[in-house]
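Hi,

Here is the structure I said I would pass on. Have a look at it first, and my notes follow underneath.

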Amino acid sequence: PGVPAGRLVGPLVFHSTVLAGTVRRYWIFVPAQYTPGQPANVLVFQDGQRAINPQGVLRVPQVLENLMHKGDIPVTIGIFITPGHRGEAYPDTLGTSNPNNRAQEYDAMDDAYARFLVDELLPEIGKTYTLTTDPARRAIGGASSGAICAFTVAWHSPDQFRNVI
């Protein structure tokens, strides 16, 4: 009670060229404390459709709100991304299920997902929100294969992400 509520923007749709032939959804959590023009910390979370679920076990936007309100973390924008789906459109029927390109993206040990994130998606979001470029103020996380993906991104891009959940 009494915690300022942020807002969840999305779902937004993104077609990647690095991960060619895929489409995905993503959401941006903008905390109530965010000030445009001031770089915010960044948390990127895989399997975004599950991480934002208010009845799910993670409820990451709510956790971020509580931690910021308590002063435990600075202002942090959350970016919640679904795995890619091969095709032109993201199926409305998936709900919290896995899109058909999850294993190829999340379990791969190459740098493709890192390039998608760093070269495509973050710059797109940066057109609207001021995100820090300091790797010490950026975190990436996930569970299960999403955690493999998070680790692999940080492994290939330590100049972009220094914190892994």
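**Backbone oddities, then the rest**

Ser 144 is exposed, because its relative accessible area is 58%. I should say straight away that this is a predicted model, so please read everything below in that light. Ser 144 sits in the loop between β6 and α5, and its phi is positive, about 60°, although it is not a glycine. As background, most residues other than glycine have a negative phi, and most peptide bonds are trans.

Arg 59 is another non-glycine residue with a positive phi, about 45° in this case. You'll find Arg 59 in the loop between α1 and α2, and with a relative accessible area of 34% it counts as partly exposed.

Then there is a cis peptide bond, running from Gly 10 to Pro 11 with omega near 10°. Pro 11 belongs to strand β1.

**The β1/β2 hairpin**

While you are looking at β1, follow it into β2. Strand β1 (residues 7–16) pairs with strand β2 (residues 22–30) in the antiparallel sense, over 8 bridges. If you want a pair to get your bearings, Phe 14 stands opposite Arg 24 in β2. The hairpin has 5 residues between the strands, and Gly 21 there takes a positive phi near 80°.

For a sense of distance across the model, try Ala 20 and Gln 62: they are 42 residues apart along the chain, and their C-alpha atoms are separated by 33 Å. Gln 62 lies in helix α2 and is partly exposed, at 40% relative accessible area.

**Salt bridges**

Side chains of opposite charge can pair when their charged atoms come close. How many salt bridges does the count come to? The count is 7.

The one I'd look at early is Asp 47 with Arg 102, at 2.7 Å from N to O. This pair links distant parts of the chain: Asp 47 is in the loop between β3 (41–46) and α1 (48–51), while Arg 102 is in helix α3 (residues 102–106), 55 residues apart. Are these two buried or exposed? Both Asp 47 and Arg 102 are buried.

Two other bridges are worth a click:

- Lys 70 with Asp 72, where the closest N and O atoms are 3.6 Å apart. Lys 70 counts as exposed because its relative accessibility is 61%, and the cut-off for exposed is over 50%.
- Lys 127 with Glu 124, at 3.1 Å from N to O. Lys 127 is exposed, with a relative accessible area of 65%, whereas Glu 124 is partly exposed at 32%.

Bridges that share partners also join Asp 47, Arg 50 and Arg 102 into one network.

**Nonpolar cores**

In soluble globular proteins, nonpolar side chains tend to be buried together. Here the largest nonpolar core has 30 residues, and those touching the most other members are Val 44, Ile 79, Ile 81, Tyr 113, Leu 117 and Phe 161. The elements giving two or more residues to this core are β2, β3, β4 (76–81), α4 (112–126) and α5 (145–156). Helix α4 provides the largest share, 9 residues. There is also a second, separate core of 11 residues, which includes Leu 43, Ile 52, Met 68 and Phe 80.

**Pocket and cavity**

Leu 43 turns up again in the largest pocket. That pocket is lined by 18 residues, and the ones nearest its centre are Leu 43, Leu 64, Ile 73, Thr 76 and Ile 165. The elements that give two or more residues to its lining are β3, α2 (60–70) and β6 (138–141). The space in this pocket is about 260 Å³, and its lining divides into 13 nonpolar, 3 polar and 2 charged residues.

What about enclosed space? The structure holds 1 cavity of 30 Å³ or more, and the largest cavity has about 40 Å³ of space. Its lining is made of Glu 105, Ala 108, Asp 110, Tyr 113, Ala 114, Cys 149, Thr 152 and Val 153. Which element gives the most to that lining? Helix α5 does, with 3 residues. By class, the cavity lining has 5 nonpolar, 1 polar and 2 charged residues.

Cheers

Methods: Residues numbered from 1 in each chain as written. Predicted model: local features only at pLDDT ≥ 70, side-chain atom pairs only at ≥ 80, totals over all residues. Heavy atoms only, no water. Salt bridge = Lys/Arg side-chain N within 4 Å of Asp/Glu carboxyl O. Helix = DSSP H or I, 4+ residues; strand = E, 2+ residues; numbered from the N terminus. Buried < 20%, exposed > 50% of the residue type's maximum accessible area, 1.4 Å probe, protein only. 1 Å grid on protein atoms, 1.4 Å probe; cavity = no way out; pocket = protein on both sides within 12 Å on 5 of 7 lines; lining within 4 Å. Points joined across faces, edges and corners; volume = space filled by probe spheres on them. Nonpolar A, V, L, I, M, F, W, Y, C, P; charged D, E, K, R; others polar. Pairing = 2+ DSSP bridges. Core = buried A, V, L, I, M, F, W, Y, C linked by side-chain atoms within 4.5 Å.
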